[in-house]
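Thanks for making time this morning. I would like to walk you through one structure, and I suggest you keep the view on the screen open while I talk.

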Amino acid sequence: MRLSQMLFVTLREDPAEAEIPSHKLLLRAGYIRRIGSGIYAYLPLMWRVLKKVSQIVREEMDATGAQECLLPQLQPADLWRESGRWDTYTQAEGIMFALTDRRDTELGLGPTHEEVITTIAKDMIRSYRQLPTHLYQIQTKFRDEIRPRFGLMRGREFIMKDGYSFHTNEESLKKTYQDMAQAYSNMLRRSGLQFRAVDADSGAIGGSGSQEFMVLAEAGEDEVLYTEDGQYAANLEKAVSIPADAETSPFASFEKRETPGTETIEKLCKFFKCSPTQVVKNVLYQAVYDSGITVLVLVSIRGDQDVNQVKLLNELTKLAGNYQGKTILFLTVPDAEAQQKWASKSLPLGYMAPDVADDYIAGSKEVNSKFLRLVDRTAVDLTNFVTGSNESGYHVVGANWGKEFPLPSLAVDVRKAKKGDRAVHNPEQTLQTARGIEVGHIFQLGTKYSQAMGATYTNEQGEEMPLVMGCYGVGVSRLAQSAVEQSYDKDGIIWPVAIAPYHVIISIPNISDAQQVEVAEKLYTELNQSGIETLLDDRDERAGVKFKDADLIGIPYRIVPGRSLKAGKVEVVERATHKSQEIPIDEVNSTLKNWIEAAIK
């Protein structure tokens, strides 16, 4: 492609809308243009990158025996109601674009396709002889993000590969799950990315187990905890660990003490000159189930620990049946306005004890009349601890479970693991932390959707059994931008060779110089004919402008037919290192071919 004929506009200043380097660079380099909030046009250079990423994904999926298809983006609400996820996606998470057509039929724009694919399986799969089977697609998905940001990282429209497998049993599912773990690793490795596979929470997708594939980058929205021995890695939402041992309490007897201005753990520990490991803090949450019932949840946890809301949400979801529900629509820390709707009197916030009285709740049909009391396992074995007294300005010391306070019957792990904690698999290993961008997620769904939607098969004994399912997603557009976030410098993008829009750019320093133009045209033709994708910068611009643009757009190799032409050579510059060398003109093709082949192995 000749740059003079391409829709090619670069910017010298960072756009005001962009927050992270990759977003700034993709806009500046003319790869994408913002059309609306979280909505971007993929311009010619970006589309070439996306096609290359898609091709790598397609090749790895096809190699596992998966079959490509294309599913509808417009999905009937009835399918989502059948699976029980319509309220979750339209209200609790609020990420689905929902609409009503002229026939008053409710529809949604697909953020994912479990319901559609399960319906297809229900209609078409009859016998165990048809299993296992695995379908995938690469298409645009939609999410009504509350705060679209970071360009293609968190947009409202994005390109994704999603795949779904069907099996007769868990053993067959696990084999495909492992195949997908390998295929995803291959995709990221072939795309030239540094990544880590981590244990993850399954979220609204559901299932018994899942794994995320994180591209390591400082701007990553996710925190990854891992051990140096390579035996453990998990998303912060899922991570487990052994916390530091609690210190021995200095308080030998139970008493109530005045503690003015100690509504935080830090202030309390400073007042008592004690360790936060000797404190039980009591954190209040408000859960709203899809049945319409609000439940006030009191979590007692060790003072040096924080509640992981994803773990808490999972524990509360397990209890949904107790409140005539299936899922949780909202989980929040109730502010003063929220408390006014159910509190019968002012709560002693910052000074609550594990036994705060239920009469603080003005019970109604919509609000459960009793606190749901949970205790994190870090607090279960504490003795002579410090905690609230249910009276503002006062705490108690020397408290014990089973004596001053009843131990809540539900002991759970809802603490947030953190850097420096000991690893469960080997306490000699401590957790390290890194930032990551989630580009892939694989799930063992089991029978969640097949049971809800009546998707069954007949086994060898003639019995009807629910299909066992797996689900596997890769964010194609997110992966492309994450490559930029992982690899750039002060001059611009540094694309991995495998997914760069072009392998080579030939920058003619002076288009008025006939020899420079002649050599550039000759190399342009030869390289393209030999399969080396080459751009020709034949614009009537200064050499400095061309070199800056070449660095900005990140093409792996730049050829400059300049002063070295007198010696029958051209300058070749490697974008990643800025290393330059002069190569004889007749050796350029073979040299670049070797470099490119080595880079994309």
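Let me begin with helix H12, where ten of the eleven residues are buried, so that the helix is largely enclosed by the rest of the structure. This is a predicted model, please keep that in mind throughout. The buried residues of H12 are Val476, Ser477, Arg478, Leu479, Ala480, Gln481, Ser482, Ala483, Val484 and Glu485.

What does H12 pack against at an angle of about 105°? The partner is helix H1, residues 21-28, and the axes of H1 and of H12, which spans residues 476-486, are 8 Å apart. With an angle between 65 and 115 degrees counting as roughly perpendicular, H1 is therefore roughly perpendicular to H12. On the H1 side the contact is made by Pro21, Ser22, His23, Leu25 and Leu26, and on the H12 side by Gln481, Val484 and Glu485. Sorted by character, the residues of this contact are four nonpolar, three polar and one charged.

Now to the sheet, which is open, has five strands in the order S28-S27-S29-S30-S31, and shows mixed pairing. Its edge strands are S28, residues 534-537, and S31, residues 580-584, each of which pairs on one side only. From one strand to the next, the twist averages 25°. Within this sheet, S27 (residues 504-507) and S29 (residues 557-560) pair in the parallel sense over three bridges, and Val504 stands opposite Tyr557 in S29. Two helices belong in this picture as well. Helix H13, residues 514-529, lies across S27, S28, S29 and S30, and runs at about 165° to S28, whereas helix H14, residues 543-553, packs on the sheet by touching S27, S28 and S29, with a direction that makes about 170° with that of S27.

Let me turn to the charged pairs, of which a search of the whole structure finds 43 salt bridges. Which residue forms a salt bridge with Lys52? That residue is Glu533, and the closest N and O atoms of the pair are 2.5 Å apart. Because Glu533 lies in the loop between H13 and S28 while Lys52 lies in helix H2, residues 44-63, the pair ties together parts that are 481 residues apart in sequence. As for accessibility, Glu533 counts as partly exposed at 24%, and Lys52 is buried, with a relative accessible area of 14%.

A second salt bridge joins the side chains of Glu114 and Arg85, at 2.9 Å from N to O. Here Glu114 sits in helix H5, residues 114-124, and Arg85 in the loop between helices H3 and H4, the two being 29 residues apart. Both Glu114 and Arg85 are buried.

For a pair within one helix, look at Lys522 and Glu526, which form a salt bridge with their closest N and O atoms 2.9 Å apart. Both lie in H13, four residues apart, about one turn of the helix. Lys522 is partly exposed, with a relative accessible area of 41%, and Glu526 also counts as partly exposed, at 28%.

There is also a network of salt bridges that links Glu19, Arg143, Glu145, Arg147, Arg149, Arg154 and Glu221.

Finally, a hairpin: strands S5 (residues 97-100) and S6 (residues 106-109) run antiparallel and are joined by four bridges, with Gly108 in S6 as the bridge partner of Ala98. Five residues lie between the two strands, and in that turn Asp104 has a positive phi of about 65°.

Methods. Residues are numbered from 1 along each chain as its sequence is written. This is a predicted model: local features need pLDDT of at least 70, side-chain atom pairs count only at pLDDT 80 or more; totals for chains, interfaces and linings use all residues. Side-chain values use heavy atoms; hydrogens and water are left out. Two strands pair if DSSP finds at least two bridges between them. Axes are lines fitted to C-alpha atoms, for helices over the stretch in contact, and angles run from 0 to 180 degrees between N-to-C directions. Angles under 35 degrees count as roughly parallel, over 145 as roughly antiparallel, 65 to 115 as roughly perpendicular and the rest as oblique. Contact means heavy atoms within 4.5 Å. Ala, Val, Leu, Ile, Met, Phe, Trp, Tyr, Cys and Pro count as nonpolar, Asp, Glu, Lys and Arg as charged, and the others, Gly among them, as polar. Buried means under 20% relative accessible area, exposed over 50%, partly exposed in between (1.4 Å probe, protein chains only). A salt bridge is a side-chain nitrogen of Lys or Arg within 4 Å of a carboxyl oxygen of Asp or Glu.
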